[in-house]
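Student: I would like a close look at a single strand of this protein, and then at how the parts around that strand fit together. Could you take me through it carefully, in one connected account?

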Amino acid sequence: MKVRKKFLPFSRPSIGKSEINKVTACLKSGWITTGVLSKEFEDNFCKLSGSTLAVSLNSATAGMHITLSALNIGPGDEIITPSMTFASTVNMIALSGAKPVFVDIDYGTLNINTNLIEEKITKRTRAIIPVHFAGAPANMDKINNLARKYNLTVIEDAAHAVGTYYKGIHTGGFGHTAIFSFHPIKNITTGEGGMVTLNDAALEKKLRLLRFHGIERDAWKRYGKGGNPSYDIAAPGYKYNMPDVLAALGLAQMERWQEFNQKRTGLAQLYLEGLKDISGIDLPEVPAYDHTHAWHLFVIKVHAVNRDEFMNRLSDYNIGYGLHFPPAHALNYIKAGYADNIGLLPETDLAAQKIISLPLFPDMREKDVEYVCKAIKEIIKNG
Ligand SMILES: Cc1ncc(COP(=O)(O)O)c(C=O)c1O
């Protein structure tokens with residue numbers, strides 16, 4: 001087949017007129033850092049997730065950092081999470097001083113295997129951090145029951161999960177804290193950004209303090225007419241607030257999340273159809289329970305050809321790809337520091353050798369998917 005001239009990226013944000021108009025209006029307004037737009041973005045996000053509160057941030061990683069900190073998670077604590085996740089979560093656990101305790105995944109869906117969580121719970125366990133992998137929800141009934149039984153906190157890693165529903169409930173809508181990411185490859189973007197959704201007003205207050213130096217009032221209130229620019233700090237905090245210029249982009253993207261997810265779902269169905277007869281690859285499986293998939297990623301597993309070789313061959317066809325994720329338990333510092341509590345993670349290890357994320361983004365065309373499917377057929381045929 002003829003190789004396309006233009007590189008097909010793995011992901012690309014969809015930025016249209018509404019985004020440009022909203023960001024331009026913010027730039028012209030004279031107020032570009034945290035203010036009314038980030039508040040509006042938070043309110044809109046509550047409506048989507050079904051949570052009562054939301055705190056906007058400059059990344060999901062920042063959200064995980066201050067959530068663990070606000071919950072006083074630290075040395076002596078254990079946090080249960082899959083190893084098949086982005087390093088940022090595990091970094092934040094490690095930096096808090098707590099121990100990450102890994103639970104294996106289900107090879108088909110790449111989601112945490114909730115049947116294996118209970119055996120990892122000890123007296124030291126404080127929290128479970130499930131990941132709604134690739135936009136498919138984790139089994140929340142199982143997780144909620146365990147959290148109730150052992151009095152554990154649940155922090156949903158919803159970085160992939162704008163538009164993900166479990167039995168009709170949007171991620172973040174189960175009464176727990178959930179953390180969303182708006183990195184450019186995510187289902188909606190603010191360039192960089194994150195949102196913590198929650199229902200606990202005391203925790204929200206702590207998060208708001210921790211995200212902005214520990215200062216009690218927002219800058220826009222201090223610098224507005226009649227505002228008091230003085231401040232006091234009871235406990236020091238970080239600098240993790242989301243500026244309005246990014247919230248403006250987020251507000252425009254939120255109006256389009258359904259359109260984006262419909263496109264992603266349609267393209268994922270085309271991939272499933274176009275790749276179904278190819279032996280030597282495993283297609284992503286979806287959970288058996290009732291759910292709506294956000295199709296943040298389309299991850300196949302390649303076993304007919306060496307995965308890294310397969311990546312090189314995709315490059316020859318001018319096709320981009322991603323790797324979600326190198327498993328956390330294989331990272332050097334985890335192997336060195338937590339060797340005794342890694343345990344066996346056979347399905348994670350199996351998947352880790354074979355996974356590769358194919359291009360998937362809302363402005364991708366159907367013929368791009370057809371091109372990728374044809375290229376994969378050729379690569380597999382030629383061994
Ligand atoms: C599963 C998961 N968790 C957390 C994050 C962190 O998000 P951010 O880049 O907004 O900090 C990501 C981002 O890629 C992710 O994929």
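Tutor: Let us begin with strand β3, where Lys99, Val101 and Val103 point one way while Pro100 and Phe102 point the other way, every one of them buried. This is a predicted model, and what follows should be read with that in mind. The pattern in the strand is the expected one, because in a regular strand the side chains alternate between the two faces of the sheet. Strand β3 is mostly covered, with 5 of its 5 residues buried.

The partner to consider is β2, which runs parallel to β3 and is joined to it by 5 bridges. Within this pairing, isoleucine 79 has proline 100 of β3 as its bridge partner. Isoleucine 79 also appears in the largest nonpolar core, which has 105 residues, and Ile79 is listed there with Ile179, Phe180, Val196, Ala248, Phe298 and Leu360 as the residues that touch the most other members. The element that gives the most to this core is α8, with 8 residues, and the core draws at least three residues from each of domain 1 (17-254) and domain 2 (257-381). As background, nonpolar side chains tend to be buried together in soluble globular proteins.

That core leads to the boundary between the domains, where β3 has a part as well. The C-alpha centres of domain 1 and domain 2 lie 25 Å apart, and 36 residues of domain 1 are in contact with 33 residues of domain 2. On the domain 1 side of this boundary, the elements that give two or more residues are α4, β3, β6 (165-166) and α8 (244-254), and β3 gives the most, with 4 residues. By character, the residues on that side divide into 19 nonpolar, 12 polar and 5 charged.

From β3 we can step back along the chain to the loop between α3 and β2 (78-82), where isoleucine 73 is found. Isoleucine 73 has 21 other C-beta atoms within 10 Å and is therefore buried, the cut-off being 20 or more. Leaving aside residues up to four places away in sequence, isoleucine 73 touches Leu68, Ile79, Ser96, Ala98, Arg126 and Ala127. Of these contacts, the one with arginine 126 spans 53 residues along the chain, and the two C-alpha atoms are separated by 7.5 Å.

Arginine 126 falls within strand β4 (residues 125-128), which pairs with β5 in the parallel sense over 2 bridges. In that pairing, isoleucine 128 stands opposite valine 154 of β5. Strand β5 (residues 153-157) has 4 of its 5 residues buried, so the rest of the structure largely encloses it.

Strand β5 is in turn one of the elements covering the buried residues of α3, and the others include β1, α4, β8 (177-181), β9 and α6. Helix α3 is mostly covered, with 10 of its 11 residues buried, among them Ala60, Thr61, His65 and Leu68. Just after this helix, asparagine 72 takes a positive phi of about 55°. From the other direction, the buried residues of α6 pack against β1 (53-57), α3 and β9 (194-198). The buried residues of α6 (residues 201-211) include Glu204, Lys206, Arg208 and Arg211 as well as Leu207, Leu209 and Leu210. Just after α6, histidine 213 likewise takes a positive phi, here of about 65°.

Helix α3 also brings us to the ligand, which has 14 residues around it, with Ser59, Ala60, Thr61, Ala159 and Ser181 coming nearest. The elements that give two or more residues to this shell are α3 (60-70) and α4 (87-96). The shell is made up of 4 nonpolar residues, 9 polar and 1 charged.

To finish on the domain 2 side of the core, leucine 360 touches Ser11, Arg264, Leu267, Ala268, Trp295, Leu297 and Phe298, again not counting residues up to four places away in sequence. A separate open sheet of 3 strands has the order β10-β12-β13, with antiparallel pairing. In this sheet β10 (281-282) and β13 (355-358) stand at the edges with a single partner strand each, so one side of each is left without a neighbour in the sheet. Strand β12 (residues 298-302) pairs with β13 over 4 bridges in the antiparallel sense, and lysine 301 stands opposite isoleucine 355 of β13.

Methods. Residues are numbered from 1 along each chain as its sequence is written. This is a predicted model: local features need pLDDT of at least 70, side-chain atom pairs count only at pLDDT 80 or more; totals for chains, interfaces and linings use all residues. A residue is near a molecule or strand if its C-beta atom, placed from the backbone, lies within 6 Å of it. Ala, Val, Leu, Ile, Met, Phe, Trp, Tyr, Cys and Pro count as nonpolar, Asp, Glu, Lys and Arg as charged, and the others, Gly among them, as polar. Domain bounds come from an automatic or database domain assignment. Two residues are in contact if their C-beta atoms, placed from the backbone, lie within 7 Å. Two strands pair if DSSP finds at least two bridges between them. A residue is buried if 20 or more other C-beta atoms lie within 10 Å of its own, exposed if 12 or fewer, and partly exposed in between; C-beta atoms are placed from the backbone. A nonpolar core is a set of buried Ala, Val, Leu, Ile, Met, Phe, Trp, Tyr and Cys residues joined through C-beta atoms within 7 Å.
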